[in-house]
Amino acid sequence: MAAIDAEQIRQQLAARIRDPAVNLTIGELGIVRDVRLAGDRLTVRIQPCTPDCWPLAMAGIARSIRRFAADHGLQAEIELEPVMLLPEAELREMVGDVEQDPTRLRELWTRSYTVSLLTVLSQLEASGLAEEEIATLDMADLAARVNSGSFSSRMLDALRHWRREIGLPESGPVLVDADGEPITDLPRWRRAARLALLSQRTYGAICRDTRDAYHATPVAPSDSSVPHDGR
C-alpha cells in the first residue's frame, strides 16, 4: 500500500467521513481540528458543533474514522474537544458507549440513506430518466454515469457510504429502502423521504447556527448595539 501522510489523511477524512445527523462531510462542517500521524498511530481531533452532536453523531463520525484508519493499516485515536460545559473525559465516555452499541445509530443512518437516495433520484429524473428506467438501475449503472460525467460522484459517494453503514450490499438495485426491500410504490416512498429531508435540513440549520454562535470569535459590540434604557 502506498505511503500516506497526515495532510493526505486530513483531505480524505474531510471528503469521505460524513456526519450521520446532517449528512454532510466533516470537511463541509469544518470540524476537523487536527490530524497527526506517528508510525501506525493516527490521532484525529474533532470539534463537535453543538451539545446535541453528542453522543450519536460524534460516535458515528468516530466509528467511520476508525474504519478508515483500519483500511490503511492504522490505529485511530479520536480526540473530542469539550462542548460548552461538558468535560472532554465525560464526552469521550458517552461517545464510547454509543460506539459499543452502533445499533443506536440506525435511525440517523436510515434517514441519511433515505435523503441520499432521494437526492440521487432527483438528479436522475433531472437528466431525463423516467420512473420506469430508474427502476431498472443498479449501483454499477450509477458508477458508469459518474465515469461518463453525467452523474455526481459526490452523490454516489454519499449513497455508498450509507448503504454500507446500514448493511446493504455495495452492488445491486438502486431502488431499495433502508431494510433492503424493493421500492415498488415510488410516489409514496418519495413523500416519506421528503419528510426525512425536511427534518434533516432543519436539524442541519440549527446545528450550523448553534456552532457559529458557540465557536465564533467574540466581537466587541459597537456603541449602537449596546442596550440602553431609552433615555
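This is a short walk through a predicted model of one protein chain.

Okay, let's start with the overall picture. The chain has 231 residues, and 41% of them are buried. On the secondary structure side we have nine helices and five strands. If you go along the sequence, the order is α-β-β-α-β-β-α-β-α-α-α-α-α-α. For the contact-map people: take contacts with a sequence separation of 6 or more, and 66% of those come from residues 24 or more positions apart. As for surface, about 12,500 Å² is exposed, with carbon and sulfur atoms supplying 51% of that.

Before anyone sets up a calculation on this, a word on confidence. The mean pLDDT of the chain is 84, and 84% of the residues reach at least 70. Among the elements, helix α7 comes out highest, at 95, while helix α4, residues 88-100, is lowest with a mean of 79. Then there's the stretch at residues 218-231, where pLDDT stays under 50. The model gives that stretch zero contacts beyond four places in sequence. Where pLDDT is low, the predicted coordinates should not be read in detail.

Right, on to the strands. Let's hang this part on β4, residues 41-46. Five of its six residues are buried, which makes it a mostly covered strand. Which way do its partners run, parallel or antiparallel? One of each, as it turns out: β3, residues 32-38, is antiparallel to β4, with six bridges joining them, and β5, residues 75-80, is parallel to β4, also through six bridges.

If you want to check the register, here are some pairs. Asp34 sits opposite Arg45 of β4, and Arg36 sits opposite Thr43 of β4. On the parallel side, Arg41 has Gln75 in β5 as its bridge partner. And keep in mind that in a regular strand the side chains alternate between the two faces of the sheet. The link between β3 and β4 is a hairpin with two residues in between. Gly39 is in that turn, and its phi is positive, about 65°.

Now the helices, beginning with α8, residues 153-166. How does its length compare with what should be expected? With 14 residues at 1.5 Å a residue it should span 20 Å, and its end C-alpha atoms are 20 Å apart, so the two agree. At the start of α8, Ser152 has a side-chain oxygen within 3.2 Å of the backbone nitrogen of Arg154. Just after the helix comes Gly167, with a positive phi near 90°.

What's buried in α8? The list is Leu156, Ala158, Leu159, His161, Trp162, Arg163, Glu165 and Ile166. The cover over those buried residues includes α1, β1, α3, α5 and α7.

Let's follow α7 for a moment, through Ala143, which is in that helix. Ala143 has a relative accessible area of 17%, and the cut-off for buried is under 20%, so Ala143 counts as buried. Leaving out neighbours within four places in sequence, Ala143 contacts Leu156 and Arg160. Also, Ala143 and Ser153 are 10 residues apart in sequence, with 8.0 Å between their C-alpha atoms.

Helix α5, another part of the cover on α8, has 21 residues and reaches 30 Å from first C-alpha to last, close to the 30 Å expected. It is followed by Gly128, another positive phi, near 105°.

Last stop: Gln200 and Asn23. Gln200 is in helix α9, residues 186-215. Is Gln200 buried or exposed? Its relative accessibility is 5%, so it counts as buried. And what does it touch? Setting aside residues up to four places away in sequence, the answer is Pro20, Ala21, Val22, Asn23, Arg111, Ser112 and Val115.

Asn23, one of those contacts, is in the loop between β1 and β2. Asn23 is buried too, with 8% relative accessible area. Its phi is near 60°, which is positive, and this time the residue isn't a glycine. If you're going through backbone torsions, that's one to look up.

That's the tour. Happy to put the structure back up and go through any of these residues again.

Notes:
Residues are numbered from 1 along each chain as its sequence is written. This is a predicted model: local features need pLDDT of at least 70, side-chain atom pairs count only at pLDDT 80 or more; totals for chains, interfaces and linings use all residues. Side-chain values use heavy atoms; hydrogens and water are left out. Helices (H or I, at least four residues) and strands (E, at least two) are DSSP runs, numbered from the N terminus. Buried means under 20% relative accessible area, exposed over 50%, partly exposed in between (1.4 Å probe, protein chains only). Contact means heavy atoms within 4.5 Å. Accessible areas come from the Shrake-Rupley method with a 1.4 Å probe; for residues, only the protein chains shown count as cover. The expected span of a helix is 1.5 Å times one less than its number of residues. A polar contact is a pair of N or O atoms within 3.5 Å; within protein, one must be able to donate a hydrogen and the other to accept it, and residues adjacent in sequence count only if both atoms are side-chain atoms. pLDDT is the predictor's confidence in each residue, from 0 to 100. Two strands pair if DSSP finds at least two bridges between them.
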